[in-house]
Amino acid sequence: MSKRPAVSEDLSRRERQIMDALYRRRRATAAEIREDIPEAPSYSAVRTLLRILEEKGFIEHHEDGARYVYQPIAPLKTARRAAAKRLLETFFEGSVPQAVATLLDVSTADLSDADLAELEMRIDKARKEGR
């Protein structure tokens, strides 16, 4: 069976938590991942979820002595884009302006001048690239 990053597949809440932990740590054992999950399930449940994520093509493992060390297959940037696409389709009917407006509504107090300048730069770049 060939492994492929299945970033477009939906993940359960626990699978997302595991992926979040792996992206934060870059690589981790089941025990380390379990430490990062709120109200973590049992160790064997985490191992089962890791096996499922590996079968789906999201992660891979290598052996380090008696331990399995897991890491994500898809780069974080790819996973972020897939998640953003699902978010756009699910809540904003595919509308980027609606999504950005919502993000700005909930975070305007947190945006610094540097943040706003970066957003302006990205919008200018998108205009120039014809997107």
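**View 1. The buried residues of helix α4 in this predicted model.** Let's start inside helix α4, where Ala79, Ala82 and Leu88 are buried. The model shown here, as in every view below, is a predicted one. The partners of these buried α4 residues are helices α1 (13–25) and α5, against which they pack. To find your way around, follow α4 itself from residue 76 to residue 91, a run of 16 residues. A span of 22 Å is expected for α4 at 1.5 Å a residue, and the C-alpha atoms at its two ends are indeed 22 Å apart, so the expected and computed lengths agree.

**View 2. Glu93, just past the end of α4.** Step off the end of α4 and you meet Glu93, whose phi is positive, at about 50 degrees. Glu93 sits in the loop that joins α4 to α5. Is Glu93 buried or exposed? Its relative accessibility is 75%, and it therefore counts as exposed. If you would like a landmark for distance, pick Arg13: the C-alpha atoms of Glu93 and Arg13 are 22 Å apart, with their positions 80 residues apart along the chain. The positive phi is worth a second look, as Glu93 is not a glycine. Most residues other than glycine have a negative phi.

**View 3. Arg26, another non-glycine residue with a positive phi.** Here the residue to look for is Arg26, which is not a glycine and yet has a positive phi of about 80 degrees. Arg26 belongs to the loop between α1 and α2 (30–36). With a relative accessible area of 66%, Arg26 is exposed, because the cut-off for that label is over 50%.

**View 4. A salt-bridge network around Arg25.** Eight salt bridges are found in the structure, and this view shows Arg25, Glu35 and Asp36, which are linked in a network of such bridges. Take the pair with Glu35 to begin with: the closest N and O atoms of Arg25 and Glu35 are 3.5 Å apart. Arg25 is part of helix α1 and Glu35 part of helix α2, so this salt bridge ties together parts that lie 10 residues apart in sequence. Now turn to Asp36, where the closest N and O atoms of the salt bridge with Arg25 are 2.8 Å apart. Asp36 also lies in helix α2, so its pairing with Arg25 of helix α1 ties together parts 11 residues apart in sequence. How accessible are the members of this network? Arg25 is partly exposed at 32% relative accessibility, and Asp36 is partly exposed too, with a relative accessible area of 25%. Glu35, at 61% relative accessibility, counts as exposed.

**View 5. The salt bridge between Arg67 and Asp64.** In this close-up, the side chains of Arg67 and Asp64 meet in a salt bridge, with 3.2 Å from N to O. Arg67 has a relative accessible area of 42% and is partly exposed. Asp64, at 38% relative accessibility, is likewise counted as partly exposed.

**View 6. The pair of rings formed by Tyr68 and Tyr70.** There is one aromatic pair in the structure. Its rings belong to Tyr68 and Tyr70; their centres lie 6.3 Å apart and their planes stand at 55 degrees, so the pair is described as tilted. Which of the labels, buried or partly exposed, fits Tyr68? Tyr68 is partly exposed, its relative accessible area being 31%. Tyr70, by contrast, counts as buried at 3% relative accessibility, because buried means under 20%.

**View 7. A nonpolar patch on the surface.** To finish, look to the surface, where Val96, Val100, Leu104, Leu116 and Leu119 form a nonpolar patch. Together, these five residues offer about 360 Å² of accessible area. Which helices supply the patch? Helices α5 (96–107) and α6 (113–128) each provide at least two of its residues. Helix α5 gives the largest share, with three residues. One residue to pick out is Leu116, found in helix α6. Leu116 has a relative accessible area of 36%, which means that it is partly exposed.

How values were computed:
Residues numbered from 1 in each chain as written. Predicted model: local features only at pLDDT ≥ 70, side-chain atom pairs only at ≥ 80, totals over all residues. Heavy atoms only, no water. Patch = residues over 30% accessible without salt bridge, like charges linked within 9 Å, V, L, I, M, F, W, Y side chains within 5 Å. Areas by Shrake-Rupley, 256 points an atom, 1.4 Å probe, with all protein chains shown as cover. Salt bridge = Lys/Arg side-chain N within 4 Å of Asp/Glu carboxyl O. Helix = DSSP H or I, 4+ residues; strand = E, 2+ residues; numbered from the N terminus. Buried < 20%, exposed > 50% of the residue type's maximum accessible area, 1.4 Å probe, protein only. Expected span 1.5 Å × (residues − 1). Contact = heavy atoms within 4.5 Å. Phe/Tyr/Trp six-rings, centres within 6.5 Å; stacked < 30°, edge-to-face > 60°.
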